[in-house]
Amino acid sequence: MSIGYTSTTDTPIGPFTALVVSDGAVLASGWTASLDDLLPQVSPSLRPKTLTPRRDLGAVTKAVRDYHAGTLDAIADVPVRQRSGEFMEQAWAALRTVPAGKPVSYADYALLAGRPSAVRAAATACARNAATLFVPCHRVVRTGGAIGNFRWGVDVKRWLLDHEDQA
């Protein structure tokens, strides 16, 4: 039986909840206090049978706090585990290469993910990304710089982009 651990951390833009497994890999995360917002995003093959709340998730909680305090690379080495098709997994890996403060367009993101003509598929990969922040889908914007959509709201995305631009 697999066990998952959850914790919610206060951030300047609201509560941030993470769901991790025993080896520390993040399965899902986002600016919410509700696991109901996160669990549907986790692949059924990875979803823990048991969830145990914790006050702190060690390196994950530290990375969340440090990132929001201005140490933007604090999230870079946090392991993430997501499952889907080959392109989605490749696209999520590509997102982790986009540097803070250097947002890319959906077209550029599709190119980074290895399929330059798959702009819509790249946008879908952002929408289905369960490990928000650690897989920084907020760093993808529309061509021309318009902010675009974000599961946790446009105001959260704008704060993240501004935070990364100022650091």
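A cavity, in the sense used here, is a set of grid points where a 1.4 Å probe fits but cannot get out. With that in hand, welcome to the tour of this predicted model. The structure holds 1 cavity of 30 Å³ or more, and we will come to it after a walk across the sheet.

**Stop 1: the sheet**

Start by colouring strands S1, S2, S3 and S4. They form an open sheet of 4 strands, and reading across it gives the order S3-S2-S1-S4, with mixed pairing. Which strands stand at the edges? They are S3 and strand S4 (50-53), each of which has a single partner strand, so one side of each is left without a neighbour in the sheet. On average, neighbouring strands here are turned by 20° against each other, direction ignored.

Strands of a sheet pair through backbone hydrogen bonds, either parallel or antiparallel. You can look at one pairing of each kind. Select residues 3-11 for strand S1 and show S4 beside it: the two run parallel and are joined by 4 bridges. For one spot to zoom in on, pick isoleucine 3, whose bridge partner in S4 is threonine 50.

Now move to residues 14-21, which make up strand S2. S2 pairs with S3 in the antiparallel sense, over 4 bridges. Click on threonine 17 and you will find glycine 30 of S3 standing opposite.

Follow the chain from S2 into S3 and you pass through a hairpin with 4 residues between the strands. Stop at glycine 24 in this hairpin, which takes a positive phi near 90°.

Before leaving, select residues 26-30, which are strand S3. Is this strand mostly covered or mostly open? S3 is mostly covered, with 5 of its 5 residues buried.

**Stop 2: the cavity**

Next, select Ser7, Thr9, Phe16, Ala18, Leu57, Val60, Thr61 and Val64, which line the largest cavity. The elements that give two or more residues to this lining are S1, S2 and helix H1 (59-68). H1 gives the most, with 3 residues. The space inside comes to about 30 Å³.

What classes of residue surround this space? The lining divides into 5 nonpolar, 3 polar and no charged residues.

While helix H1 is on screen, click on alanine 63, which lies in this helix. Alanine 63 has a relative accessibility of 3%; buried means under 20%, so this residue counts as buried. Try a distance label from alanine 63 to phenylalanine 16: the two are 47 residues apart in sequence and 12 Å apart in space, C-alpha to C-alpha.

**Stop 3: the largest pocket**

Now for an open space. The largest pocket holds about 220 Å³. Of the 14 residues that line this pocket, select the ones closest to its centre: Tyr106, Cys126, Ala127, Asn149 and Phe150.

Which element gives the most to this lining? Helix H4 does, with 3 residues. By class, the pocket lining has 7 nonpolar, 4 polar and 3 charged residues.

**Stop 4: the salt bridges**

Side chains of opposite charge can pair when their charged atoms come close. The count for this model comes to 5 salt bridges. Show side chains as sticks and visit some of them.

Begin with glutamate 164 and arginine 139, whose closest N and O atoms are 2.9 Å apart. Glutamate 164 lies in helix H5 (residues 154-166), while arginine 139 is in the loop between helix H4 (119-127) and strand S6 (140-141), so the pair ties together parts that are 25 residues apart in sequence. Both residues are buried.

Stay on H5 and select aspartate 155 and arginine 158. Their side chains meet in a salt bridge of 3.6 Å, N to O. The two residues are 3 apart within H5, about one turn of the helix. Aspartate 155 is exposed, at a relative accessible area of 63%, whereas arginine 158 is partly exposed, at 38%.

Finish with aspartate 56 and arginine 65, whose side chains form a salt bridge at 3.4 Å, N to O. Are these two buried, exposed or partly exposed? Aspartate 56 has a relative accessible area of 27% and is partly exposed; arginine 65, at 44%, also counts as partly exposed.

Note on methods:
Residues are numbered from 1 along each chain as its sequence is written. This is a predicted model: local features need pLDDT of at least 70, side-chain atom pairs count only at pLDDT 80 or more; totals for chains, interfaces and linings use all residues. Side-chain values use heavy atoms; hydrogens and water are left out. A salt bridge is a side-chain nitrogen of Lys or Arg within 4 Å of a carboxyl oxygen of Asp or Glu. Buried means under 20% relative accessible area, exposed over 50%, partly exposed in between (1.4 Å probe, protein chains only). Two strands pair if DSSP finds at least two bridges between them. On a 1 Å grid over the protein atoms alone, a cavity is a set of points where a 1.4 Å probe fits but cannot get out, and a pocket is an open set with protein on both sides within 12 Å along at least five of seven lines; lining residues have an atom within 4 Å of a point. Grid points are joined across faces, edges and corners, and a volume is the space filled by probe spheres set on the points. Ala, Val, Leu, Ile, Met, Phe, Trp, Tyr, Cys and Pro count as nonpolar, Asp, Glu, Lys and Arg as charged, and the others, Gly among them, as polar. Axes are lines fitted to C-alpha atoms, for helices over the stretch in contact, and angles run from 0 to 180 degrees between N-to-C directions.
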